[in-house]
Amino acid sequence: MNAQPDFGALKRQWQSAAPPLPDVAALRERVNADTRAHWRALGLVTALTVLALAGSLVFALLSPDPAAWLSFGFVMLFATLMWSVALWLSRGTWRPRDDSVAAALDVSIRRCRSMVLAAPVGIALYVLGLVGSLAWKDRLFGVDWSTVLGTPGMIFAGWIGAPLYAAGMVWNARRQRSRLKVLLELKRQLTES
Amino acid sequence: MQDPDRERRFLTLLNANLPALGRLAGSYVRSSAEREDLLQDIAPALWQALPRFRGESSERTFLFRIAHNHCINHITRRRPMASLQELELDPPDGNISIEASLHQQQDSARLTEAVRQLPLIQRQVVVLALEDMEDAEIAQVLGMTENNVGVRLNRARATLRKLMGECP
C-alpha cells in the first residue's frame, strides 16, 4: 500500500537526508546521568521522610514529657497519609500497558489528570500538616498560637512557604490542563476511524 | 550501565538506527539543538524499556515506538498550545509561500519541511512509511489498526504532494 512509485522517490529522498547527530557515547552518558538523577530524587524523598520520622522519634525519646510520643504519632500518621495519597494519585501511571503510542498516550493522560488533581490535594495536605503541627504544639506543650505564628519556622513554612507552594501547584495544574487538552485531541485522532 | 548484554543491544540498536531517529526527531522539531535534546531523551527511555522487549515485534519497531512516544511527550510538554495547532486536521494554508520559501533549498530539506507541516497524526504515519515500514509495522508502533494506517497514509500522501507543490 505504501509503495507507489512517487512515494518511493520520496522515500529515497527522505532516507538520503543525514542530519547531524550526537555521538552514541554522548547518548550513553545521558543514560547514566538520567539513571543517577532518578535514584537521587527517590532517595531524597525517602531520606526526608526518614529524617522527619527519626527527628520526632529522637525528640520523643529525649523529652521528659510522655506526650511527646503523641507528636511522634502525628508525624508517623502524616507521613503515612502523604505516601498513601501520593501512591493513590499515581495509580495507573507507573508504566504503559505496552510500548505502543496509544498506550503511552493513555498513561500520559492519566499522569496529567493525576497532576491536576494533585494541586488541591497537595495544598490541602500542606495546610493540614501546618495546622496539625500547630495544634499539637498548642495541645501538648501549651505553646500559645500567637507566639508560634511569629517564629522563623512558621514564617518560612507558613507565611512564605504556603503561598509559594500553592502558587506552584496551581501553575503546574494549569500547565497540565493545557497538555491534557493536546493529549486528548491526539487520542481522539488516533482512535477515530 | 552494568548489564553487558543490555548495553550491547542498546548500542547496536542506536548505532543502526541513529540516522533514522535523527530524521524522525527532525520531523518534530526544527533546530538541531532541539533535535539533539530529543535524541538525548530517547536514549534513556530506550535503555529503560529494553528489558521489557519480548520479541513480539522487531527491535526496530520497538525502538520507533519508544522514539515516537518521546517525540509526542516532548512537543506536548514544551508548547501545549502550539502542539494543539499542530494537531489540527487541516494543513495550514499558504502552500504557495511554503513553495516559495523553500524554492532554493535542497529536495530533502523541502521534504522535511513539508513533513513538518503535516498534522501530527498524518506526520507520524508518513515518517514511518518513509522509513520503509510496512502498514502492519506502523500499526504496531502507533497502536492503531492497519486499516486506519492505510486511510491516514493516503491522506498524508495527498497532503504531502500538495505541500510539495505537486499535482494531487
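This is a short tour of part of chain B, stop by stop.

**Before you start.** This is a predicted model, in which local features need pLDDT of at least 70, side-chain atom pairs count only at pLDDT 80 or more, and totals for chains, interfaces and linings use all residues. Residues are numbered from 1 along each chain as its sequence is written, while chains are lettered from A and ligands numbered from 1 in the order in which they are written.

**Stop 1: confidence.** Colour chain B by pLDDT, the predictor's confidence in each residue, from 0 to 100. The average for chain B is 78, and 79% of the residues score at least 70. Now select helix α5 (residues 95-102) of chain B: among the elements of that chain its mean pLDDT is the lowest, at 49, whereas α8(B) has the highest, at 89. Helices here are DSSP runs (H or I, at least four residues), numbered from the N terminus.

**Stop 2: two helices that cross.** Select helix α7 (residues 120-130) and helix α8 (residues 135-142) of chain B; their axes come within 10 Å and cross at roughly 135 degrees. Axes are lines fitted to C-alpha atoms, for helices over the stretch in contact, and angles run from 0 to 180 degrees between N-to-C directions. That crossing makes α7(B) oblique to α8(B). Angles under 35 degrees count as roughly parallel, over 145 as roughly antiparallel, 65 to 115 as roughly perpendicular, and the rest as oblique.

Show the side chains of Q124(B), V125(B), L128(B) and A129(B) on α7(B), then I138(B), V141(B) and L142(B) on α8(B): these make the contact. Two residues are in contact if their C-beta atoms, placed from the backbone, lie within 7 Å.

**Stop 3: the loop.** Next, click on D132(B), which sits in the loop between α7 and α8 of chain B. D132(B) has a positive phi of about 75 degrees although it is not a glycine. Is D132(B) buried, exposed or partly exposed? D132(B) is partly exposed, with 15 other C-beta atoms within 10 Å. For a residue to be buried, 20 or more other C-beta atoms must lie within 10 Å of its own; with 12 or fewer it is exposed, and in between it is partly exposed.

**Stop 4: a second partner.** Keep α7(B) selected and add helix α9 (residues 146-163) of chain B; the two axes come within 9 Å and cross at roughly 90 degrees. That makes α7(B) roughly perpendicular to α9(B). Among the residues that meet here are I121(B) and V126(B) in α7(B), and V149(B) and L160(B) in α9(B).
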